[in-house]
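Work through these exercises with the sequence and the model side by side. Try each task before you read its solution.

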Amino acid sequence: MNMPPSPPQPGPYGPQSQGPYGASPSGPPAPGPYGAQQPWPQQPYPQQGFPQQQGWGMPPMGPPPRKNRTGMVIGIIAVALVVLGGLGFAVTELLGTAGGFPEAKYRLTVPQTILNGQYTLAQDLSEKGRESLKNTSQADIRDPQPAMGQYSGAKGDGTSMVLSGIYGRVKAPERERDSMLRGAREADGATIVMQPKDATPAGSDVRIFCQVLTKTQGALSVTFPMCAWGDSNTVGSVGVVSPASLGQKPTDVDVTAAAELAVKVRNEVRKPIG
């Protein structure tokens, strides 16, 4: 005798008429674990973009993964450090002056930590600076030696500080200081948003000049101060880039704090010879 057909048995994803991604063409749509399924719009993938930008194309099986903002911050900070990392001397500025060279009494160091552990050495860049000096006119400096280091902040949020300096017998220290600032703002991709100005803190025994630079990468920009000094034995600059630098307005940059930091760093890394 003929037996009536048995009813469909449920499978691991519901009734056999439905697959793992929704209903088959013969049945109504069923809600998935995240709500009703909707067809993804057919859009081309963009070549680049950041999480806050609109216009992401949707892949067939779900939305694109969110980019790691921490990684993005570190990436743009690394790009900004290219501006800060070089000695940055404008060769045309080194024309020489009359008179002798001062006695060498001080040198610059690249310590493992700075400011009671607020910054820890991540990379000694002095060798990079030594290569740069080979191609730089040294009419105003005798026996030049580089001292350069990239430092990581103690908070672990991607903050980086770069010390970029040179020591020797410097005949025109203020001109060398200005030349270092010029080299940084003329670096590839750098834009000067505040011209160098005297920001010397009270009590400093050397004049500190600071400028504000912006570096843009894609839809993001990072704005940061760079402060420099020059004396008869040392010329150096200090720049700090942090997550707060992302999208920062030039008028919000605390140049006074940056100058005070430069003085503290100089006092710590400048050591008597012998």
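Five exercises follow, each with a worked solution.

This is a predicted model: local features need pLDDT of at least 70, side-chain atom pairs count only at pLDDT 80 or more, and totals for chains, interfaces and linings use all residues. Residues are numbered from 1 along each chain as its sequence is written, and side-chain values use heavy atoms, with hydrogens and water left out.

**Exercise 1. Overview**

Task: Find how many helices and strands the chain has, and what share of its residues is buried.

Solution:
- Start with the elements, which are DSSP runs numbered from the N terminus: helices are H or I with at least four residues, strands are E with at least two. The chain has 4 helices and 12 strands.
- Next, burial. Buried means under 20% relative accessible area, exposed over 50%, and partly exposed in between, with a 1.4 Å probe and protein chains only. Of the 274 residues, 39% count as buried.
- Last, contacts (heavy atoms within 4.5 Å). Among those between residues at least 6 apart in sequence, 64% join residues at least 24 apart.

**Exercise 2. The disulfide**

Task: Locate the disulfide and say which elements hold its cysteines.

Solution:
- Apply the rule: a pair of cysteine sulfur atoms within 2.5 Å. The count comes to 1 disulfide.
- C210 is joined to C227, with S to S at 2.0 Å.
- C210 belongs to strand 9 (residues 209–217) and C227 to strand 10 (residues 220–230), so the bond ties together parts that are 17 residues apart in sequence.
- The torsion about the S-S bond is about 110 degrees, so the disulfide is right-handed.
- Check burial. C210 has a relative accessible area of 0% and is buried. C227 is buried too, with 0%.

**Exercise 3. The nonpolar core**

Task: Find which element gives the largest share of the largest nonpolar core.

Solution:
- A nonpolar core is a set of buried Ala, Val, Leu, Ile, Met, Phe, Trp, Tyr and Cys residues joined through side-chain atoms within 4.5 Å. In soluble globular proteins, nonpolar side chains tend to be buried together.
- The largest such core has 29 residues, and M161, I208 and V265 have the most contacts inside it.
- Elements giving two or more residues to this core include strand 5 (119–124), strand 11 (234–241) and helix 4 (255–269).
- Helix 4 gives the largest share, 8 residues.
- Now select I208. Its contacts beyond four places away in sequence include C227, W229, A259 and V263.
- Apart from the largest core lies another, of 17 residues, among them V162 and F224.

**Exercise 4. Around R270**

Task: Describe what R270 touches.

Solution:
- R270 is in strand 12 (residues 270–272).
- R270 lies over the face of Y106, at 3.7 Å from the ring centre. The rule for a charge over a ring is NZ of Lys or CZ of Arg within 6 Å of the ring centre and within 35 degrees of the ring normal.
- The side chains of R270 and D231 are joined by a polar contact of 3.3 Å.
- Beyond four places away in sequence, R270 touches Y106, R107, L108, D231 and T234.
- Compare R177: its charged end sits over the ring of F209, 4.0 Å from the centre.

**Exercise 5. Positive phi**

Task: Is L115 buried or exposed? Is D143 buried or exposed?

Solution:
- L115 is not a glycine, yet its phi is positive, about 60 degrees. L115 lies in the loop between strand 4 (113–114) and strand 5. L115 is buried, at 10% relative accessible area.
- D143 also is not a glycine and has a positive phi, about 55 degrees. D143 lies in strand 6. D143 is exposed, at 55%.

Terms used: Polar contact = N/O pair within 3.5 Å; in protein donor to acceptor, adjacent residues only side chain to side chain.
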